[in-house]
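User: Please take a close look at how charged side chains pair here, and then at the elements around them. I am a first-year student, so give each term its cut-offs.

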Amino acid sequence: MSLPTVRDYCMLEKIGSGSYSTVYKAFKKDGSREVVAIKCVDKGSLSKSAVNNLVTEIKLLNVLKHEHIVEMKDFFWDEGHIYIVMEYCDGGDLSSFIKKKHKLPESTCRRFLQQLALALKYLRDHDVCHMDLKPQNLLLMRKPQLVLKVGDFGFAQYFSNSEHKFTIRGSPLYMAPEMLLKHKYDARVDLWSVGVIMYECLFGKAPYSSSSFQELAEKIKDSRPIEMPKAAHVSATCRDLLMALLKHNPADRITYDEFFAHDFLDLEHAPTNENYDKAAALVHKAVEMDAEKNAKEAFYLYCEALRYFIPILTNESDLKRKEALRHRVNDYIRRAEILKVAFIDGNNDKRLAPENKGNTSSLQRIPSVEKSSAFNYNELRTLSKSTTNMVDALEIGEAAQQYLAQGSYALALEKFQSCLSVLVPLLGKEPAGRRRELLYKQVQIWMKEAESTKGLLATKDIDSMQRTSDEQCILQ
């Protein structure tokens with residue numbers, strides 16, 4: 001098949017096609033020889049709505065500039081065609097990537113979803129709704145590292161949070177129920193599509209995979225429950241986000257603000273220059289606390305810094321900078337582990353100290369501040385005996401601290417979250433008095449330790465994430 005002739009560009013090969021366009025890999029004939037993707041649109045095949053979509057797409061791409069959105073570099077036309085010159089994504093699309101891997105590890109899914117969320121946050125800030133999010137429209141860059149970019153804005157619209165529309169657009173398998181059923185819909189249609197993409201990343205297939213449009217429509221119309229594969233295992237936060245996205249009723253679906261703030265995405269610790277500065281400032285403060293022999297605060301600060309540093313480390317493409325940062329991060333991890341032993345193990349001793357008053361050697365090992373905390377905790381245990389669920393939650397909190405001391409961070413975090421899910425609501429209902437005061441203090445302690453556990457848990461992923469990244473870059 002002969003390739004079209006386009007001014008200023010040398011066409012190399014066809015890399016994709018749609019209902020009214022074909023995409024080619026090409027390079028610029030000037031000295032830069034920059035490799036690009038050129039979308040060639042046949043004017044003769046365009047309907048009035050297709051012309052409107054194309055005009056909107058060009059207008060949007062001319063304005064939207066973001067690291068996770070495919071960049072439009074130029075556009076021009078001749079008698080028969082319109083040409084849109086885009087940056088070339090050398091890793092293909094997410095659909096092909098999933099097919100090669102069958103399904104993706106949760107850590108990889110998180111990284112892709114985080115990048116997609118950053119793009120969506122930018123789009124919402126500009127009142128833009130994509131309207132056709134699907135793995136085929138999410139392109140991948142392999143070099144210098146694996147990066148996801150949102151492409152194909154052919155169905156995109158300016159769409160404020162308060163607007164509602166009725167026009168059907170997009171791909172049925174990823175289309176929100178309210179749109180498929182021709183109901184009034186708003187910008188939350190993109191969030192359903194994100195949920196379907198997330199499900200496909202994790203399990204290798206869409207939740208409503210069907211052999212026909214009619215079968216798909218019936219499943220949507222019946223509001224069939226979304227079920228995970230029986231053998232599948234995902235974390236609690238992953239499952240929570242997935243189910244919150246895949247709500248048939250848009251009123252029940254997670255909001256954009258809730259989506260961007262969700263723990264699974266952890267956008268707060270995304271790899272940005274601003275977050276690097278935050279991490280450096282936290283380490284500086286941790287060193288100060290360490291020098292003042294305040295092991296607890298130093299530990300908390302090192303762990304908080306690690307939550308910022310580790311995404312930056314895994315995202316760094318310059319090998320020299322990456323290696324230098326890796327050495328620094330390893331030093332912070334080692335120091336955090338030493339400090340953890342200094343006070344977490346002491347916390348475990350202090351649980352017994354007040355009840356074994358004859359054991360003076362045990363008490364002597366515990367600093368006075370920790371002794372005070374120990375007596376407070378044991379007093380809380382005594383005062384909570386009349387409230388069964390409070391007693392149970394306190395025991396779960398103790399188990400969390402044991403797991404933290406042992407280095408079982410995933411279990412520790414699970415236990416901390418479990419106990420806090422009970423204690424925080426109880427605190428809200430607790431009347432003023434000594435028990436409320438003690439409960440408040442204990443909740444604050446375990447909240448801090450839960451956050452620190454997240455920092456330590458992230459350190460376990462450094463090597464595995466690096467291996468996964470290296471494997472992903474070898475796309476055959």
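Analyst: Arg-188 is partly exposed, because its relative accessible area is 23%; buried means under 20%, exposed over 50%, and partly exposed in between, with a 1.4 Å probe and protein chains only. The side chain of Arg-188 meets that of Asp-186 in a salt bridge, with N and O 2.8 Å apart. A salt bridge here is a side-chain nitrogen of Lys or Arg within 4 Å of a carboxyl oxygen of Asp or Glu. Asp-186 has a relative accessible area of 8%, so this residue counts as buried.

This is a predicted model, in which local features need pLDDT of at least 70 and side-chain atom pairs count only at pLDDT 80 or more, while totals for chains, interfaces and linings use all residues. Residues are numbered from 1 along each chain as its sequence is written, and side-chain values use heavy atoms, leaving out hydrogens and water.

The whole structure holds 27 salt bridges. Side chains of opposite charge can pair when their charged atoms come close. Asp-266 and Arg-307 form one such salt bridge, their closest N and O atoms being 3.4 Å apart. Asp-266 sits in the loop between α8 (256–260) and α9 (273–291), and Arg-307 in helix α10 (residues 295–315), so the pair ties together parts that are 41 residues apart in sequence. Helices (H or I, at least four residues) and strands (E, at least two) are DSSP runs, numbered from the N terminus. Arg-307 counts as buried, because its relative accessibility is 12%. Both residues belong to a network of salt bridges that links Asp-263, Asp-266, Arg-307, Glu-451 and Lys-454.

Another salt bridge joins the side chains of Asp-152 and Lys-39, at 4.0 Å from N to O. The two residues are 113 apart in the chain, with Asp-152 in the loop between β8 and β9 (157–158) and Lys-39 in strand β3. Asp-152 has 35% relative accessibility and is therefore partly exposed. Lys-39 is buried, because its relative accessible area is 12%.

Strand β3, which holds Lys-39, is part of an open sheet of 5 strands in the order β1-β2-β3-β5-β4, with antiparallel pairing. Two strands pair if DSSP finds at least two bridges between them. At the edges are β1 (9–17) and β4 (72–77), each pairing on one side only. Neighbouring strands of the sheet are turned by 25 degrees against each other on average, with direction ignored.

At one edge, β1 pairs with strand β2 (residues 21–28) over 7 bridges in the antiparallel sense. These two strands form a hairpin with 3 residues between them, and Gly-16 has Val-23, in β2, as its bridge partner. At the other edge, β4 is joined to strand β5 (residues 81–87) by 5 bridges, and the two run antiparallel. Here Trp-77 has Ile-82, in β5, as its bridge partner.

Helix α1 (residues 48–63) lies across β3 (35–42), β4 and β5, and runs at about 30 degrees to β5. Axes are lines fitted to C-alpha atoms, for helices over the stretch in contact, and angles run from 0 to 180 degrees between N-to-C directions. Contact means heavy atoms within 4.5 Å.

Arg-142 is in the loop between β7 (138–141) and β8 (147–150). Its relative accessible area is 22%, so Arg-142 is partly exposed. Arg-142 and Asp-90 are 52 residues apart in sequence, and their C-alpha atoms are 6.1 Å apart in space.

Now the wider setting. The protein has 17 helices and 9 strands, and of its 476 residues 48% count as buried. Among contacts between residues at least 6 apart in sequence, 63% join residues at least 24 apart.

The average pLDDT is 86, and 88% of the residues score at least 70; pLDDT is the predictor's confidence in each residue, from 0 to 100. Over residues 352–369 the pLDDT is below 50, and beyond near neighbours in sequence this stretch has 13 contacts in the model. Residues 470–476 also stay under 50, with 11 contacts beyond four places in sequence. Where pLDDT is low, the predicted coordinates should not be read in detail.
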